[in-house]
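Morning, everyone. I have one structure to walk through today. Have a look at the screen, and then we will go through the side chains.

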Amino acid sequence: MNTNRDLNYRLYVHREQEFRRTDIKSEFERYNTIKYGDVARVTENFREIKKNFYKGKGKLSDDPVRNNIYHLVVGAGVIARICIDGGMEHDVAYTLTDIYIRRADVCRTPEEVIDLIGEMQIDFATRMKDHRKNNAYSIHIRHAIDYIYDHLHEPLTMNEVAEHEKLNPSYFSK
């Protein structure tokens, strides 16, 4: 399916309506507040975003509830990956994402979904704050632990795990 015609039309409409998407730098600054567990800043950011929730966001569906659910799903996917990169166990991040997507599925109003997005962001930030406080392991060790759990039923060597983390085996063993 060729999407060029639709893409060009939508970009034209955006220009005509002076629609501007949220720039990537500020978007990732907000995601990083979640990653680093800055719960107060996440709460403050969401309070501000909620005032004009649709500013800088694309229209993903004509149905307002479904539109917000799609925004939640996209955000949940990015947040999970950002938090995994920050050291959250991948099974925890992905399962938490599944929980919020399923909870969104039963929301009946756009406002319910928006509130759930805020709850999800604060939940992830709180978990990252607790993780940082309770976990003094490096990101490489946390990733290695995840790798080992994913391969429990396979013979593994320290060299393989070090290679997976792109570290020198002697450095990794220390």
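Glu 48 is partly exposed, at 48% relative accessible area. Keep in mind that this is a predicted model. What does Glu 48 pair with? Its partner is Lys 51, in a salt bridge whose closest N and O atoms are 3.0 Å apart. Lys 51 is exposed, with a relative accessibility of 63%.

Now, why are Glu 48 and Lys 51 separated by about one helical turn? Because they sit three residues apart in helix H3, which covers residues 39-51. The general rule is that an α-helix has 3.6 residues a turn, so residues three or four places apart point the same way.

How many salt bridges are there in total? The count is eight. Here are two more of them.

Take Asp 123 and Arg 127. Their side chains form a salt bridge, with 2.7 Å from N to O. Both residues belong to helix H6. They are four residues apart, again about one turn of the helix. Is Asp 123 buried or exposed? Buried: the relative accessible area is 17%, and the cut-off for buried is under 20%. Arg 127 is partly exposed, at 39%. So this bridge joins a buried acid to a partly exposed base.

Next, Asp 62 and Lys 59. Here the closest N and O atoms of the salt bridge lie 3.3 Å apart. Both Asp 62 and Lys 59 are exposed.

On to helix H7, residues 139-150. How far apart are its end C-alpha atoms? They are 17 Å apart. The expected span for twelve residues, at 1.5 Å a residue, is 16 Å, so the two agree.

Which residues of H7 are buried? Arg 142, Ala 144, Asp 146 and Tyr 147 are. What covers them? The cover includes four helices: H5 (90-105), H6 (110-134), H8 (158-164) and H9 (169-173). You have met H6 already, as the helix that holds Asp 123 and Arg 127.

Last topic: cysteines. How many disulfides does a search of the whole structure find? Zero. Two cysteines are still worth a look on the screen. Cys 83 is buried, with a relative accessible area of 0%. Cys 107 is buried too, at 8%.

To recap, we have eight salt bridges, zero disulfides, and an H7 whose end-to-end distance agrees with the expected span. Over to you for questions.

Definitions and conventions. Residues are numbered from 1 along each chain as its sequence is written. This is a predicted model: local features need pLDDT of at least 70, side-chain atom pairs count only at pLDDT 80 or more; totals for chains, interfaces and linings use all residues. Side-chain values use heavy atoms; hydrogens and water are left out. A disulfide is a pair of cysteine sulfur atoms within 2.5 Å. Buried means under 20% relative accessible area, exposed over 50%, partly exposed in between (1.4 Å probe, protein chains only). Helices (H or I, at least four residues) and strands (E, at least two) are DSSP runs, numbered from the N terminus. The expected span of a helix is 1.5 Å times one less than its number of residues. Contact means heavy atoms within 4.5 Å. A salt bridge is a side-chain nitrogen of Lys or Arg within 4 Å of a carboxyl oxygen of Asp or Glu.
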